[in-house]
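Me: I am new to this protein and would like one close look at the hollow spaces in it, together with what stands around them. Please take your time, and explain each term where it comes up.

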Amino acid sequence: MCCSCNQGKDSNPVNSIFSSDYVDVESFKEAIQKDLPPCNTDDSTFNRQLMKDNNGLLNTAYAYKLNEYKPIWMDASGLKPSVTLLISQLKTLQEDGLDTGKYGIAGLEAGLQQFQDQKEHPFDSLVAFDKDLTNSWLLATKDLLLGSIDIKKGDSLWFARNDSSFYGAALLITSLKADNTLPSLDTFRPDSKIYDQMKKALINWQDLKNDSDYVNAKQHIATLKNDSVLMQVLNKELQGVAVSEDDTVKTLKRWISTYQYYHQLKNTGTLDSNTIASLQQMPDDYIRHLRLNMDRIRALPRNLKGEQVWVTIPLMEVDYIKDDAVQFHSRVVVGKVSRQTPTIWANMTNIVFNPPWGVPPTILKNDVGPGVGKSGGAYLAKKGLRAFDSKGKDVTSNVNISNYKRYTYRQPPGADNSLGEVKFNLPNAWDIYLHDTPHRENFGNRYRALSSGCVRVQNPKQLAEIILNNEKFTADKIDTIISTRKTKTERLGRRLPVYIIYATVAEDSVGNQLRYLNDVYKRDESMRKFY
């Protein structure tokens, strides 16, 4: 227990941690070990168990083991200053869209108040308070670093891995031992511009939730006749967006058009039914939407800065980012609903000019088989496909519905090749990559979920030129290479991560404001049960 050197006549188990000369560390050690699960660090699976520790108790046990089972948040003179700092940091987590009730803030505040108001404390409450502080810090930092839920529970096509390892217990104990400094929660937050924008937007929606005039106008938006009130609503929801103003009618139309852009609606400039339905969404709808998408960002690598290619699937656009700025922006075509593009990230290894195309298993099953069954060899001729046996012999003329599964199929390079003239390889288990396409007419469509799963890029030669950034691959020289119709592969020789992400919040084209996107694959619907 926590006691003074001279307990005197009183054997009461209630003791003061403020008037004591020291904390009875041995009693604390014995009590805390009984209160926590075993911590077998010699087990080869121990680190994986730490990562999967949803209630945080194993991480808490590990922290105390690293601290030799001594108190973490108190010493001989009482509670450490880090206690109040922790509680204040935990309160800020509502700005991260996290459920702050999970971290027991109210209980920690009550415990702190009790310790501050009373000179004497039951030993059991002393042990429990120290443990609760540790558990809350570890739960919060793990949620920030890895996400508060396993995204795959609501999205079976989420395969992007978080490459972070959670060593919160070690960091906590090392920092507190060194100089009693509590590691900042920023150590664990995503280092990402879009995450910061989501935090800012979340705060704005939380403020609007308490704006009675705004909420009242939202509730009557379908019948609202006052243009000035409508513009006030639009202005509050588009804070930070510059809209040029003229006379009232033209100004209102511009505001509506701007709103439609930021909500991925058809740009009519009028209050059509889709725009009214969107405007009827209340702040709580946006808060929930942002919480969901912030967890998606947390489920990715913590550091999302540096050179990268970023594809937002619902937005159906791609950015090449370097030096913290968008260097290339283009429309893309993503997988149709029946063949959805999965969420992945992988490193681009090379760029192929005049790529041949080998038919993947899914397309062989869903397209080539039915095509051959219906039209025989005429289907292969129409698609420009050649069939090869296991020895590499061309057997195209022999293919029929009974034997087509025996062979592999390829399209030679050419303008009609399904991959077009440029392919960006990023090896992954799902055979997803970026490429050109002969079907360029689709880039003019608003709805571009039309591919078999891979990502078709509108301006692939321009993207190749800017990624390679080499005098051997200027626009003219790329055209010359392509004109030969010979396959040429150029290895990058550096790490270039490509993020293909299903997120229904994205930055606008200049990176200043968030856009709220359509749930094209209905993955938000299955995720909402967690938020």
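Reply: Helices and strands are here DSSP runs numbered from the N terminus, with H or I over at least four residues for a helix and E over at least two for a strand. The model is a predicted one, in which local features need a pLDDT of at least 70 and side-chain atom pairs count only at 80 or more, while totals for chains, interfaces and linings use all residues. Residues are numbered from 1 along each chain as its sequence is written, and side-chain values use heavy atoms, with hydrogens and water left out.

I start with the second largest pocket, whose volume is about 620 Å³. A pocket is an open set of points on a 1 Å grid over the protein atoms alone, with protein on both sides within 12 Å along at least five of seven lines, whereas a cavity is a set where a 1.4 Å probe fits but cannot get out; lining residues have an atom within 4 Å of a point. Points are joined across faces, edges and corners, and a volume is the space filled by probe spheres set on them. Of the 22 residues that line this second pocket, Met51, Leu146, Gly147, Ile149 and Asp150 lie nearest its centre. Helix H6 (residues 123–146) gives the largest share of that lining, four residues. By type, the lining of the second largest pocket holds nine nonpolar, four polar and nine charged residues, where Ala, Val, Leu, Ile, Met, Phe, Trp, Tyr, Cys and Pro count as nonpolar, Asp, Glu, Lys and Arg as charged, and the others, Gly among them, as polar.

H6 itself deserves a pause. Its end C-alpha atoms are 35 Å apart, which agrees with the 34 Å that its 24 residues should span at 1.5 Å a residue, the expected span being 1.5 Å times one less than the number of residues. H6 is mostly covered, since 20 of its 24 residues are buried, that is, under 20% relative accessible area, with exposed meaning over 50% and partly exposed in between (1.4 Å probe, protein chains only). After H6 comes Gly147, with a positive phi near 100 degrees, and Gly147 is one of the residues nearest the centre of the second pocket.

The largest pocket encloses about 1000 Å³ of space. It is lined by 37 residues, and Arg339, Trp357, Ile363, Asp367 and Ser452 are the closest to its centre. Two or more lining residues come from each of helix H14 (361–375), helix H15 (377–383) and strand S15 (449–451), and H14, with six residues, contributes the largest share. This lining divides into 16 nonpolar, 13 polar and eight charged residues.

What remains is the enclosed space: the structure holds one cavity of 30 Å³ or more, and the largest cavity has a volume of about 40 Å³. The residues that line the largest cavity are Tyr261, Leu315, Glu317, Asp319, Val326, His329, Glu507, Asp508, Ser509 and Arg515. Strand S6 (317–322) and strand S7 (325–335) each supply at least two of these residues, and the lining of the cavity comprises three nonpolar, two polar and five charged residues.
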